[in-house]
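This report describes a model with several chains, taking its sheet, domains, confidence, interface and annotated segments in turn.

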Amino acid sequence: MTRVRIRRLLLSALAVVIAALWAFPVYWMVSSSLIPTAVLNSFIPTFFPARPTGSNYAGALADGSFFRALGMSLAITLTVVVACLLFAFLAALAISRFRFRGRTSFVVAVLVVQMLPAEGLFIAQYKMVSSVGLLDSVIGPSVIYTAAVVPFTIWMLRGFVAGIPADLEEAAMVDGLSRFGAFMRITFPLLAPGLVASGVYAFLQAWNEFTVALVLLPSEANQTLPLWLRGFVQASATRETDWGQVMAASTLVAVPVIVFFLIVQGRLTSGLVAGAVKG
Amino acid sequence: MTMKKIGAVAAATAALLVLAGCSTPAPEDAGGTDITLWLMGGDTPDALRDYLKTEYADATGGTLTIEEQSWGDALSKLTTALPDAENTPDVVEIGNTWSPTFTTVGAFTDISDMYDELGGDSLLPSFVEIGEVDGANYALPYYFGSRYMFYRKDIWSAAGKEVPTTLAEFNETAASLKTATQSGFYIGGQDWRNGISWIFANGGELAVKDGDQWVSTLSDPNTIEGLTQLQSLFQSASLAPVTEYDSTPWVNINNNEATGAPEAATIIAPGWAHWSIGDLAPDPNDDTKQVATWNDEVFGTFVLPGVDGGVAPVFAGGSNIAISAASKNQAAAKELMKIIFSEEYQTMLGENGLGPANLDYADSLGDDQFAVALRESAAGSKLTPAAPGWAAVEGSGLLEEFFGKVNEGGDIPALAAEYDEKITALLNG
Amino acid sequence: MSSSVTLRRSRTPYLLLLPAVAILLLGMGYPLVWQIVTSLHEYGLAQQFGQPAPFVGLENFITLATDGALWVVVARSLAFCVITAAVTLVVGTLLALLMTAVTRTARLILQVALLLAWSMPVVAAMTVWIWLFDWRRGVINYVLDMIPGVELYRFQWLASPITFFLVASIIVVWMSVPFVSFSVYAGLTQVSEEVMEAAQLDGANGWQRFWSIILPLVRPVIAIVLLLQLIWDLRVFTQITMLQDAGSKASDYDLLGTYIYKLGTSAQDFGMASAVSILVLAITIALSWFYIRSLLKEDQQ
């Protein structure tokens, strides 16, 4: 018994050490963002902001472009998450509840489509979006991102939908609920963790993308956050890189995602659990 | 329908047509047209941008939007937006060496008719030339900024060294000043934009036009001689990484706080770097920042000397400017060009340390040592080949790769032959 | 299958698929077709500015196939992808096993740390990592150099391909492990206590237990996670291009993603870039063939 307990404690200590290592880059970003650049430029690293300053944040936020980019990123990301979950859920329903001609081809096509490298596609994507006058709009990148993310979300949701017995809905219908009512009361709650897990994936993809956004959102006024951060780093590099401000800018870009993750965290793990059972 | 009614309808229709005409003005009318200007990087100071916007509004009643493009991502944006009439920027700044690539595919408007009005033969000739196709002007100079040397007088004089008068003397001095922690001359191994000065100084070329085809000439004996000097200089004088290609070298010539000494005794940098070079002290307005104050006792400048003295031809840095051929606002774009090439704007460029396109206004650079060094180095400066595929050569990273391998200590003739083949394949577009 | 579902089977599934298919056709269909068409033409900057694109048939593909440089990049990408995906999988699985063996608090701390790494936007994460590995001001050189016997003062991580890709691999593993860990941990929590206890009573040691009981149970999770890692690591782009910005642009530092990007965006040979993209698609399908086949089989049953 004691041997087991000692083992457990040793492993726990190991887990905490690994956690510290894993979180270090995030810590380093936040810590450095609070240290004046003059101090950061020294060859001796500063591990703790003994005299924290907000000046890096003030510098990064000075021209207000951050908030414009934040708005753009939020609009695109939310559009993608909502569209993607809806479309993927319907498709997952089709392939897990029905047998029909073309089902297998669809499943394979969905898997293959996400293997196409995106780096060579920007001219075609630009031409398409520009020809319908949607450059510099939320819709342009949203369509491209949704198409890129939908295959994997269909994939994830398929397992969940298959895991929910159709009998449950039928039983509810016998009890007098409409088909829609049965779905909303019975199926949807069971699906929630799956939707969260797929939503997180869609969120991350849409939030991080920048090569497509670069050509589809040519105006500075319509930049997304990754473009804003990239521009910030590159502008800084033509003079002397202002690491303090760059770290502050990085932190600003990361915070909304971290907050989002912490909110959905509980659901996320249970979502992966359910997904895992079905493989 | 009575005649009266018909008349009323006709009048209304005419009025509508007139209104419609106003909202989409005829192409030759610049009145009230909103246009967009793409500027590269942050080199154009805010004061100059504001000036352009105000002047443009005064001249045409329209709004000028300025979008800043980063050098790294500009090519993909230019490639997609320039051919797209609905979304093209109307006027664009481009890296001078990219001009041939875009002019030869017809990306820009022929502005030969404005050439004299915009400054004519007073415009920096080498930049005008690289923007020409068959004698017609498509892209004109925007500003120039050739590079010169900054050195630590304290370190040089402590070692008993004088400002060199020949390239060989410079190479030797730089090597003698290298220590375990300090470069005699700090240059990145892949930094070809500075490295080509040694090729040019020895009479070498990167590529020449043979008949109607461009050919890479790295294997030319003069080029090889320059590369050999550069290789030994890099190995004997520089501590920079062999993979560094675009550094901010002035951080190396200022004293480092931790060691109280600089990382380098000499650097090569664009003129405006002098704002960042000097004795470091906390910024009086914001003690979390530092400011550099130039100190003539410690820092000095000189122009890279040629093989037989005089001035070595350094890379002529800078930009060209052109009107997008796909733009629907040609007249308005031309109005903006007139403002850019006006005496007032050209003078403002010079006052901000950017070499003005029109050499008549070069005096605006002032006559301090930085202006003198800029003018002297510019006088001998040289551009990269005006080959249609040059932007592809730069974009492909082949030059960085080649210079890195040379400076690593590679076999120069073998490498030159290998990269001649690769580069020639891209040069003709 | 229940009767109500059977009755509706004629049209309902197609209606349900409609939105997903529409968005896929819109967002991927046109670019994909454009890419296939372009790969059969000579398409450079002049064509982008309106000149006719000559049809060249399979010439782009033939040029590629006979170009030694491409195959070097393909081999390097495959090696990078397989090694990185394997390390990610092993580390992720080990961390998942660790989560099952530690106290609640320790597990929570580890999970939050992984969640932080997972949620870092790629551009922000790369900016931080590049600074951590900076040859002069990087904290990694500073800390490692303090270890006696380790000489890493001003070591230039990005100045040779081996260490460059080591750094790239470390970063990609750091970013990908959280997803693997959470998925495998989720799978492990489904292995019932009784099974584990029964195995222990049988005298099976830790390794045997893992190999013969736990692994088969979480195999479906591991298979899909491995497939996804392989796909993602083969097309890795942002991380490599940002490391190249900080290090070297030379072709020795290219993987397929940056190779295509340089061919297209920088060298403006869009015909060739499209041809390479299609080749990469083919390679990825080949890599994941084991999974696609098992999928097709499962479907036929």
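What is the strand order of the open sheet of six strands in chain B? The order is S2-S1-S3-S14-S6-S15, and the pairing is mixed. The model is predicted: local features need pLDDT of at least 70, side-chain atom pairs count only at pLDDT 80 or more, and totals for chains, interfaces and linings use all residues. Residues are numbered from 1 along each chain as its sequence is written, while chains are lettered from A and ligands numbered from 1 in the order in which they are written.

**Sheet and strands of chain B**

Helices (H or I, at least four residues) and strands (E, at least two) are DSSP runs numbered from the N terminus. Two strands pair if DSSP finds at least two bridges between them. At the edges of the six-stranded sheet are strand S2 (64-69) and strand S15 (355-356) of chain B, each pairing on one side only. Within the sheet, strand S3 (residues 91-95) of chain B pairs with strand S14 (residues 318-323) of chain B in the antiparallel sense, over five bridges. One partnership joins Val91(B) to Ile323(B) in S14(B).

Strand S7 (residues 147-152) of chain B is joined to S13(B) by four bridges, and the two run antiparallel. Here Tyr151(B) has Gly300(B) of S13(B) as its bridge partner. In a regular strand the side chains alternate between the two faces of the sheet. Strand S13 (residues 299-302) of chain B shows this alternation: Phe299(B) and Thr301(B) point to one face and are buried, while Gly300(B) and Phe302(B) point to the other and are not. A residue is buried if 20 or more other C-beta atoms lie within 10 Å of its own, exposed if 12 or fewer, and partly exposed in between, with C-beta atoms placed from the backbone.

**Chain B as a whole**

Chain B has 16 helices and 15 strands. Its C-alpha trace spans about 100 × 60 × 35 Å along the principal axes. Of the 429 residues in chain B, 52% are buried. Two residues are in contact if their C-beta atoms, placed from the backbone, lie within 7 Å. Among the contacts in chain B with a separation of 6 or more, 75% are between residues 24 or more positions apart.

A domain assignment, automatic or from a database, divides chain B into domain 1 (30-145 + 317-379) and domain 2 (147-313 + 397-427). The centres of domain 1 and domain 2 of chain B, taken over C-alpha atoms, are separated by 28 Å. Domain 1 of chain B puts 10 residues into the contact and domain 2 of chain B nine. The domain 1 side of this contact in chain B has four nonpolar, five polar and one charged residues. In this classification Ala, Val, Leu, Ile, Met, Phe, Trp, Tyr, Cys and Pro count as nonpolar, Asp, Glu, Lys and Arg as charged, and the others, Gly among them, as polar.

**Confidence in chain B**

pLDDT is the predictor's confidence in each residue, from 0 to 100. The mean pLDDT of chain B is 88, and 92% of its residues reach 70 or more. Among its elements, helix H1 (residues 3-23) of chain B has the lowest mean, 45, and helix H9 (residues 221-237) of chain B the highest, 97. Residues 1-28 of chain B have pLDDT below 50, and this stretch has eight contacts in the model beyond near neighbours in sequence. Where pLDDT is low, the predicted coordinates should not be read in detail.

**Chains A and C**

The contact between chain C and chain A takes 80 residues from chain C and 74 residues from chain A. On the chain C side, helix H2 (residues 12-39) of chain C gives the most, with 16 residues. That side of chain C divides into 56 nonpolar, 18 polar and six charged residues.

An unreviewed UniProt entry annotates "transmembrane region" at five stretches of chain A, including residues 66-94 and 182-204. For chain C, UniProt (unreviewed entry) gives this feature at residues including 108-132 and 162-188. UniProt positions are given in the numbering used here, feature names are shortened, and annotations may be inferred rather than shown by experiment.

| Segment | Helix | Strand | Distance between end C-alpha atoms |
|---|---|---|---|
| Residues 66-94 of chain A | 100% | 0% | 42 Å |
| Residues 182-204 of chain A | 100% | 0% | 32 Å |
| Residues 108-132 of chain C | 92% | 0% | 26 Å |
| Residues 162-188 of chain C | 100% | 0% | 36 Å |
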